[in-house]
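Reader: I am a first-year student, and I would like to understand how the words used for a protein model follow from the values behind them. Could you go through this one with me, step by step?

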Amino acid sequence: MPRALRPFGSGQYRLLVVALSASLLSAGAWIVAAAWQVIELGGSPIDLSIVAVGASLGLVAAVLVGGVIADRVPQRRILLVVEAVRSVVFGIAGALALAGLIEVWHLAVLSFVLGVADGFFYPAYSAWLPALLPADQLLAANGVEGVLRPVAQNAAGPALASVLIAVQAPWLAFLVVAVLQVVAIAGLGLMHTTAVRRDLEASELHPVRQMFVDLRDGFSYLLRTRWLFATLAFSILLVLVVIGPIEVLIPFAVRDQTGGGAGEFALVLASFGIGGAVGSLLVASFRLPRRYLTLMILAWGFGCIPLAVIGVTSWLWVMVVATFIVGFLFDAASVVWGTLLQRRVPPAMLGRVSSLDFFVSLALMPLSMAIAGPVGEWLGLAPAFLLAGLVPPLLAVITLAAARLGQDELAHPLDGMLDATQVTGSEAAAGFAPPVDEPHPRSPAVRPADPRPE
């Protein structure tokens, strides 16, 4: 079986893919339906910023708790609750819109709840996947997710929403995606519950205090692990610069510069999704690159350059090509990143580290969303997209040089011959041994042979 398809040999993984596909399709439809509901209410970029900030605030507020829970509660149960909550939220939005009662603040509150749900979803999914598949199939599985996410969330979901909006109104899209969530719930319901990959010792601490102890251990691991800390420091600045323009300003660029509507906006998002799917599938079809950290950071940084074109073009096809390139490089790098976490982070720590990944890298997302609208109105769309396209490459080069990530990736290959002296597992998680990227004495068992003749 081709490398990218090997995870499908597992029946449990096939059910997970069905559930994930339905969930991502609903999320993609929500993006377009919520944006066009704001526009139909006469909203401005600032109003759309308010809705977007609601989702990002919910994610940031919940993701750390979600990571702690993912390391203590079977992840399947967490995902079932998340999908049920999402279905209820979509149904409420549809009922309010159908009754003509929906307002911008309703959408902001509902987006906040969806953000909270996502804060529990991502750590649980990331921690569960290595329990379902062998290590050599994780890159392919992350590639499959990398294909599903843009195809379902950025292409099929927006396309579905645009058709439903054209047929009736955003309320119809809200109600349809609420029904779609039943598929996600059913897929997860048919799966088996797996044990948490962590030895949970009895503790006399209050559960709330124990949660803070778990978070402290996760932060300690993050700060001690240079490749992890450097990548997340880069990510937090990248998010500040690019997420706001992408999430808030592209709908207005499509409307004001090309004269397009919901269908054209969906086409731009679909191009981003198709590019991401192609990039993810390409990465999943091969082994991890030897220079995995260098290529990942450069792809994220230089992949933003096409954004600079969106603010100055009046041609829809140029926006489509630009978002395709951005999606291709972003998702290709994200597949590598997800695999690095699952391969280099101890299993007992993976839920918390995944949550810290989202929390640290997305901590400035609400600020990015909040300032994107005012920047677009005060300075114009062209300067906003110019900054989003040209600042990230500079950040990427600085990160690689300052953190010496090239040395780290050479010292820690993830395919082929592995370094037998790497320290992983519960010892590193508990702080009794250094993380894998810190120098430590070579074990006598792997001491090189004496080259001198006898």
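Author: Let us begin with a single stretch, remembering that this is a predicted model: residues 171–191 are 90% helix and 0% strand, and the C-alpha atoms at the two ends of this span lie 32 Å apart. Residues 227–253 are 100% helix and 0% strand, with end C-alpha atoms 37 Å apart.

Reader: Where do the limits of these two spans come from?

Author: They come from the UniProt record, an unreviewed entry, which lists them under "transmembrane region" together with residues 50–70, 265–285, 292–310, 316–341, 353–372 and 378–403. Such annotations may be inferred rather than shown by experiment, and the helix percentages are computed from the model. For the protein as a whole, the count is 17 helices and zero strands.

Reader: What makes Phe-385 buried or exposed?

Author: The word buried applies under 20% relative accessible area, and Phe-385 has a value of 0%, so it is called buried. This residue is found in helix α15, which covers residues 381–403. Leaving aside neighbours within four places in sequence, Phe-385 is in contact with Pro-245, Leu-249, Ile-250, Ala-253, Leu-307, Ala-308, Ile-310 and Gly-311. One of these partners, Ile-250, is 135 residues away along the chain, yet the two C-alpha atoms are separated by 9.3 Å.

Reader: Why are Ala-108 and Ser-126 called buried, although their values are not zero?

Author: The word asks for a value under 20% rather than for zero; Ala-108 has 13% and therefore counts as buried, and Ser-126, with 17%, is therefore buried as well. Ala-108 is found in helix α4, and Ser-126 lies in helix α4, residues 104–132. Not counting residues up to four places away in sequence, Ala-108 touches Ile-50, Val-51 and Gly-54, whereas Ser-126 is in contact with Gln-342, Leu-350 and Ser-354. The C-alpha atoms of Ala-108 and Ser-49, which are 59 residues apart along the chain, are separated by 9.2 Å.

Reader: How do you know whether Asp-331 is buried or exposed?

Author: The same kind of step applies here: the relative accessible area of Asp-331 is 12%, and because this is under 20%, the residue is buried. Asp-331 lies in helix α12, and its contacts, without the neighbours within four places in sequence, are Gly-146, Pro-150, Gly-276 and Ser-280. Over the whole protein of 454 residues, 57% count as buried.

Reader: What makes the pair of Phe-8 and Tyr-13 edge-to-face rather than stacked?

Author: The ring centres must lie within 6.5 Å for a pair, and the planes must be over 60 degrees apart for the name edge-to-face. Phe-8 and Tyr-13 have 5.4 Å from centre to centre and 75° between the planes, so both conditions are met. As for accessibility, Phe-8 at 27% counts as partly exposed because its value falls between 20% and 50%, whereas Tyr-13 at 1% is buried.

The pair of Trp-227 and Trp-337 is also edge-to-face, with 5.8 Å between centres and 75° between planes. This pair links distant parts of the chain, for Trp-227 is in helix α8 (residues 226–258) and Trp-337 is in helix α12, 110 residues apart. Both tryptophans, Trp-227 and Trp-337, are buried. The whole structure holds nine aromatic pairs, and ring pairs also link Trp-30, Phe-90 and Phe-174 into a cluster.

Reader: Which residues line the second largest pocket, and what kinds of residue are they?

Author: This pocket holds about 260 Å³ of space. It is lined by 15 residues, of which Val-283, Pro-289, Leu-295, Ala-332 and Val-336 are the closest to its centre. The elements that give two or more residues to the lining are α9 (262–284), α10 (292–302) and α12 (316–344), and the largest share, five residues, comes from α12. By kind, the lining divides into 13 nonpolar residues, one polar and one charged.

Notes:
Residues numbered from 1 in each chain as written. Predicted model: local features only at pLDDT ≥ 70, side-chain atom pairs only at ≥ 80, totals over all residues. Heavy atoms only, no water. 1 Å grid on protein atoms, 1.4 Å probe; cavity = no way out; pocket = protein on both sides within 12 Å on 5 of 7 lines; lining within 4 Å. Points joined across faces, edges and corners; volume = space filled by probe spheres on them. Helix = DSSP H or I, 4+ residues; strand = E, 2+ residues; numbered from the N terminus. Nonpolar A, V, L, I, M, F, W, Y, C, P; charged D, E, K, R; others polar. Buried < 20%, exposed > 50% of the residue type's maximum accessible area, 1.4 Å probe, protein only. Contact = heavy atoms within 4.5 Å. Phe/Tyr/Trp six-rings, centres within 6.5 Å; stacked < 30°, edge-to-face > 60°.
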